[in-house]
Amino acid sequence: MNICVFLSAADLDDRYTRPAREFAELLGKGGHSLVWGGSDVGLMKVVADGVQEAGGRLLGVSVDFLAATARAGADEMVIARDLAERKALLLAKADAVVIMVGGTGTLDEATEILELKKHGKTEKPVVLLNTAGFYDGLKEQFRRMEAEGFLPCPLTDLVFFAEEPVGALAYLEESVGTR
């Protein structure tokens with residue numbers, strides 16, 4: 001399975017890097033491929049290293065203005081002309097999506113896939129990996145959106161919230177039928 005991971009390229013502390021590394025190792029050992037933003041810095045590098053060291057493939061999609069930080073040792077690397085093209089290529093290459101900790105770029109990518117699911121334009125499973133409670137506030141906001149009628153379908157049809165990496169991958173494998 002090609003698993004797209006949306007996440008930060010920032011250098012982060014162990015409470016975020018340890019679970020990301022754990023997920024990456026599970027992904028690689030499971031014979032899956034990482035589809036990611038192509039960067040070889042920060043948390044993106046941690047995940048790419050973990051997948052590659054565990055035997056998984058790396059399919060990167062960088063963007064023109066970040067090409068200098070693209071990972072040289074990826075199995076495949078595409079350079080998109082802008083962020084919109086990058087998101088489209090990432091999603092086109094993916095069978096499933098995991099949203100890890102990140103900033104505004106990660107939120108942009110997350111809302112894009114959730115909008116596509118909401119409108120029936122994709123059925124790819126989406127997991128929000130809530131490392132160290134990072135997305136507790138967002139989870140509460142989504143629940144409020146659902147309760148107050150802003151979502152046309154149940155929240156559980158859009159996204160699965162996982163607290164640990166093993167639960168995230170198990171959900172994806174079960175959803176896609178590789179388990």
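This is a guided tour of one predicted model, with suggestions for what to select next and notes on what is there.

**The sheet**

Begin by showing the strands alone, and you will find that 7 of them form an open sheet, in which the order is E4-E3-E2-E1-E5-E6-E7 and the pairing is parallel. Now select residues 76–80, which make up strand E4, and residues 160–162, which make up strand E7: these two stand at the edges with a single partner strand each, so one side of each is left without a neighbour in the sheet. If you turn the sheet slowly in the viewer, look for its twist, which averages 20° from one strand to the next.

**Strands E5, E6 and E7**

Next, select residues 96–99 for strand E5 together with residues 126–129 for strand E6, two strands that run parallel and are joined by 3 bridges. Within this pair, Val97 of the model stands opposite Val126 in E6, while Val98 stands opposite Val127 in E6.

Keep E6 selected and show its side chains, because the directions in which they point are worth following one by one. Which way do Val126, Val127, Leu128 and Leu129 point from E6? Val126 and Leu128 point one way, Val127 and Leu129 point the other way, and all are buried.

To see how the chain gets from E5 to E6, trace it through helix H4, and you will have followed a β-α-β crossover that is right-handed. Then add E7 to the selection: E6 and E7 run parallel and are joined by 3 bridges, and the bridge partner of Leu129 in E7 is Ala162.

**Two helices against the strands**

Now bring the helices back into view and select residues 104–118, which form helix H4; this helix lies across E5, E6 and strand E1 (2–6), and it runs at about 130° to E1.

Return to the sheet, where the twist averages 20° from one strand to the next, and select residues 42–53 to see helix H2 packing on that sheet, where H2 touches strand E2 (33–36) and strand E3 (57–63), with its direction making about 160° with that of E2.

Stay with helix H2 and pick out Asp49, which has its place there. Is Asp49 buried or exposed? Its relative accessibility is 15%, and Asp49 therefore counts as buried. Once neighbours within four places in sequence are left aside, Asp49 is in contact with Arg21 and Arg71.

**The cysteines**

Select Cys4 and Cys153 next and show their sulfur atoms. How many disulfides does the structure hold? The structure holds 0 disulfides, and for Cys4 the reason can be seen in the viewer, because the closest cysteine sulfur, in Cys153, is 20 Å from its own, too far for a bond. Cys4 counts as buried, with a relative accessibility of 0%, and Cys153 also counts as buried, with a relative accessibility of 18%.

**Charged pairs**

Finish with the charged side chains. Side chains of opposite charge can pair when their charged atoms come close. The structure holds 14 salt bridges, and the next selections show some of them.

Select Arg15 and Asp13, whose side chains meet in a salt bridge with a distance of 3.3 Å from N to O. Arg15 is partly exposed, with a relative accessible area of 48%, and Asp13 is partly exposed too, at 40%.

Move on to Lys93 and Glu76, where the side chains meet in a salt bridge of 2.5 Å, N to O. Lys93 lies in helix H3 (residues 83–93) and Glu76 in strand E4, so this pair ties together parts that are 17 residues apart in sequence. Lys93 is partly exposed, with a relative accessible area of 23%, and Glu76 is partly exposed, with a relative accessible area of 28%.

Then select Lys118 and Glu115, whose side chains meet in a salt bridge of 2.9 Å, N to O. Lys118 and Glu115 are 3 residues apart in helix H4 and are therefore separated by about one helical turn. Lys118 counts as partly exposed at 22% relative accessibility, and Glu115 is partly exposed, with a relative accessible area of 36%.

For a last selection, show Asp40, Lys45, Asp49 and Arg71 together, since salt bridges that share partners join these residues into one network. Here you meet Asp49 again, the residue whose place is in helix H2.

Terms used. Residues numbered from 1 in each chain as written. Predicted model: local features only at pLDDT ≥ 70, side-chain atom pairs only at ≥ 80, totals over all residues. Heavy atoms only, no water. Pairing = 2+ DSSP bridges. Helix = DSSP H or I, 4+ residues; strand = E, 2+ residues; numbered from the N terminus. Axes fitted to C-alpha atoms, helices over the stretch in contact; angles between N-to-C directions. Contact = heavy atoms within 4.5 Å. Buried < 20%, exposed > 50% of the residue type's maximum accessible area, 1.4 Å probe, protein only. Right-handed = clockwise from strand over helix to strand, strands pointing away. Disulfide = S-S within 2.5 Å. Salt bridge = Lys/Arg side-chain N within 4 Å of Asp/Glu carboxyl O.
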